[in-house]
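Please open the structure in your viewer and keep the sequence panel beside it. The tour below proposes one selection after another and states what is to be found at each stop.

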Amino acid sequence: LYCGLTLPDGTFAIGALNGEVLHLDGNLNLLDRFQASGYPIVGIGMDHEGGLWAATDGDLVRAAWPSPWTQLTDADGLLGSIEDSAFFGGRRYVATSMGLFAGEVDADQRARFRRIPELGSDEVWDLAVHDGRLFVAHRFGVWQLSGAAFTRVSEASYPYEVVPSVHHAGRLYALSDGGLIVLERGPKDYA
């Protein structure tokens, strides 16, 4: 750590020699961090518009503050390698190598994620929002979320991509190790 600044909300912005800016609360707990530069940060300040400036050994960087970027990690409940994400039904869903996770906002207004128990901890490779539903390419088939329930619409193993048809409104294609899967909208669900 090399330099720092008290922000108007009582938190701290700290410039580090590795080019990161650390955002700490009043008790010096890490709230967020971002890579501002590849150079060491040697000075940090704010302008009259609320922008955070970092002077480095090689450049001058300005970030909107609070930052429009948010970093979500395992500390927020996300586990595994991130494969895809989609916004559906007012929530962020994230596909990972360890399952499907749904976002919620906690009492501190921070995003937190929980694994969807119906799908377990198996790989999820792709998400697609189509026809008012969320489609999930899961290790053991394609699932759909319609309303509050997940149902499996294909048992094909290892589907890795779900693509809505551009020519047929009630059709999706899933690509899997076994080939092409065509899913058609029925009276209630896709099959």
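Begin by selecting strands β16, β17 and β18, which form an open three-stranded sheet in that order with antiparallel pairing. Strands here are DSSP runs of E with at least two residues, numbered from the N terminus, and two strands pair if DSSP finds at least two bridges between them. At the edges stand β16 and β18, each of which pairs on one side only. On average, neighbouring strands of this sheet are turned by 25° against each other, direction ignored; the axes behind this angle are lines fitted to C-alpha atoms, and angles run from 0 to 180 degrees between N-to-C directions.

Before moving on, note that this is a predicted model, in which local features need pLDDT of at least 70 and side-chain atom pairs count only at pLDDT 80 or more, while totals for chains, interfaces and linings use all residues. Residues are numbered from 1 along each chain as its sequence is written, and side-chain values use heavy atoms, with hydrogens and water left out.

Now restrict the selection to β17 (residues 171–176) and β18, which are paired in the antiparallel sense over six bridges. Which residue of β18 is the bridge partner of arginine 171? The partner is glutamate 184.

Next, select β5, β6 and β7, an open sheet of three strands in that order, again with antiparallel pairing. Strands β5 (41–46) and β7 (60–63) each have a single partner strand, so one side of each is left without a neighbour in the sheet. The average turn between neighbouring strands of this sheet is 20°, direction ignored. Five bridges join β5 to the antiparallel strand β6 (residues 52–56). Within this pairing, isoleucine 44 stands opposite alanine 54 in β6.

Proceed to threonine 11, located in the loop between β1 (3–6) and β2 (12–15). Is threonine 11 buried or exposed? Its relative accessible area is 9%, so threonine 11 is buried; buried means under 20% relative accessible area, exposed over 50%, and partly exposed in between (1.4 Å probe, protein chains only). Display its side chain to find a polar contact of 2.5 Å with the side chain of aspartate 9 and another of 2.8 Å with the side chain of histidine 23. A polar contact is a pair of N or O atoms within 3.5 Å; within protein, one must be able to donate a hydrogen and the other to accept it, and residues adjacent in sequence count only if both atoms are side-chain atoms. Leaving aside neighbours within four places in sequence, threonine 11 is in contact (heavy atoms within 4.5 Å) with residues including Leu5, Leu24 and Leu31.

Turn then to the aromatic rings, where a search of the whole structure finds three pairs. Rings of Phe, Tyr and Trp (its six-membered ring) pair if their centres lie within 6.5 Å; planes under 30 degrees apart count as stacked, over 60 as edge-to-face and the rest as tilted. Select tryptophan 125 and tyrosine 158: the ring centres are 6.0 Å apart and the planes stand at 40°, so this pair is tilted. Tryptophan 125 belongs to β12 (residues 124–130), whereas tyrosine 158 lies in the loop between β15 (149–154) and β16 (159–164). Tryptophan 125 is partly exposed at 23% relative accessibility, as is tyrosine 158 at 31%.

Add phenylalanine 135 and tyrosine 190, whose ring centres are 5.0 Å apart with planes at 80°, so the pair is edge-to-face. Phenylalanine 135 is buried at 0% relative accessible area, and tyrosine 190 is buried at 2%.

Finally, select Tyr93, Leu100, Leu127, Leu134, Val136 and Phe150, which touch the most other members among the 15 residues of the largest nonpolar core. Such a core is a set of buried Ala, Val, Leu, Ile, Met, Phe, Trp, Tyr and Cys residues joined through side-chain atoms within 4.5 Å.

Technical notes:
Helices (H or I, at least four residues) and strands (E, at least two) are DSSP runs, numbered from the N terminus.
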